[in-house]
Amino acid sequence: MIFVERGDPHHPQATALLKASHALMQSLFPPEDNYYLDIDQLVAPHIRFFVARQGPDIVGTGALALKADYAEIKSMFVDEAARGTGAADALMRALEDEARAENAPILKLETGNVLHAAHKLYRRHGFTDCGVFGDYVAAKSSIFMEKPLT
């Protein structure tokens with residue numbers, strides 16, 4: 001069974017997953033197209049960090065950045081061994097619930113163009129393509145998506 005809760009990115013298991021995610025992004029995309037937050041940035045006051053647990057093990061992470069007029073999904077990652085268990089869906093529900101609790105009118109995200117499993121996840125949760133937002137710049141390797149919450 002998957003359980004999602006607020007977590008600490010400095011927990012050793014969460015840190016290991018974040019480092020694995022960062023390494024994957026670095027292997028797939030040029031440095032200027034990597035927009036992940038460093039582990040220390042994930043404890044900022046406007047960030048809500050979540051972990052997905054399977055028993056005692058952290059098998060996934062996700063973060064929500066609260067902005068002035070939207071919320072943004074950051075740092076979604078599920079351990080390869082836990083993919084297909086529902087961990088990503090559970091994290092998505094927790095992030096959306098948190099965005100709603102914070103009265104965000106819309107949920108946005110940026111993802112890599114070759115992360116096809118992520119695209120399927122986001123579309124399954126009601127996200128559609130949108131234009132560049134925030135501090136991002138248009139890049140061939142980026143896809144931008146959003147989901148209205150109101």
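The legends below describe several close-up views of a predicted model.

**View 1. Strand β2 and its two antiparallel neighbours.**
Strand β2, which covers residues 47–54, is mostly covered, since six of its eight residues are buried. On one side of the pairing scheme, strand β1 (residues 2–6) joins β2 in the antiparallel sense over five bridges, and within this pairing R6 has F50 of β2 as its bridge partner. Strand β3 (residues 57–66) also runs antiparallel to β2, and here eight bridges join the two strands. One place to find this second pairing is A52, which stands opposite G60 in β3. The hairpin formed by β2 and β3 has two residues between the strands, and in this hairpin G55 takes a positive phi near 65°. When following any of these strands by eye, it helps to remember that in a regular strand the side chains alternate between the two faces of the sheet.

**View 2. A salt bridge between strands β1 and β2.**
Side chains of opposite charge can pair when their charged atoms come close. The structure holds 10 salt bridges, and one of them is formed by R53 and E5, whose closest N and O atoms are 2.5 Å apart. Because R53 lies in strand β2 and E5 in strand β1, this pair ties together parts that are 48 residues apart in sequence. How much of E5 is accessible, as a relative area? E5 has a relative accessible area of 26%, so this residue counts as partly exposed.

**View 3. R6 and E98, a link between a strand and a helix.**
R6 forms a salt bridge with E98, and the closest N and O atoms of the two side chains are 3.8 Å apart. The pair links distant parts of the chain, as R6 belongs to strand β1 and E98 to helix α2 (residues 87–101), with their positions 92 residues apart in the numbering. The two partners can be compared by their cover: R6 is partly exposed, with a relative accessible area of 48%, whereas E98 is buried, with a relative accessible area of 15%. R6 and E98 also belong to one network with R48 and E102, in which salt bridges that share partners join the four residues.

**View 4. The salt bridge of D129 and R123.**
In this view the side chains of D129 and R123 meet in a salt bridge, with a distance of 3.0 Å from N to O. Are these two residues buried or partly exposed? D129 is partly exposed, with a relative accessible area of 47%, and R123 also counts as partly exposed, at 41% relative accessibility.

**View 5. The largest nonpolar core and the surroundings of L64.**
The largest nonpolar core has 29 residues, and L64, I73, M76, L107, Y122 and F127 are the ones that touch the most other members. The elements that give two or more residues to this core are β2, β3, β4 (71–78), α2, β5, α3 and β7 (142–148). Which of these elements gives the most to the core? Helix α2 does, with six residues. When residues up to four places away in sequence are not counted, L64 touches H46, I47, R48, A71, E72, I73, L95, E98, A99 and L107. There is also a second, separate core of 13 residues, which includes I39, I47, F49 and F77.

**View 6. Two buried residues in helices, T15 and E96.**
T15 is found in helix α1, which spans residues 12–28, and this residue is buried, with a relative accessible area of 14%. Leaving aside residues up to four places away in sequence, T15 touches P9, H10 and I39. E96 lies in helix α2 and counts as buried at 11% relative accessibility. With the same neighbours in sequence left out, E96 touches L107, H125, K147 and L149.

**View 7. A nonpolar patch on the surface.**
L24, L28 and V114 form a nonpolar patch on the surface, and together these residues have about 210 Å² of accessible area. V114 is found in the loop between β5 (106–112) and α3 (116–124). With a relative accessible area of 41%, V114 is partly exposed.

Definitions and conventions: Residues numbered from 1 in each chain as written. Predicted model: local features only at pLDDT ≥ 70, side-chain atom pairs only at ≥ 80, totals over all residues. Heavy atoms only, no water. Patch = residues over 30% accessible without salt bridge, like charges linked within 9 Å, V, L, I, M, F, W, Y side chains within 5 Å. Areas by Shrake-Rupley, 256 points an atom, 1.4 Å probe, with all protein chains shown as cover. Helix = DSSP H or I, 4+ residues; strand = E, 2+ residues; numbered from the N terminus. Buried < 20%, exposed > 50% of the residue type's maximum accessible area, 1.4 Å probe, protein only. Pairing = 2+ DSSP bridges. Core = buried A, V, L, I, M, F, W, Y, C linked by side-chain atoms within 4.5 Å. Contact = heavy atoms within 4.5 Å.
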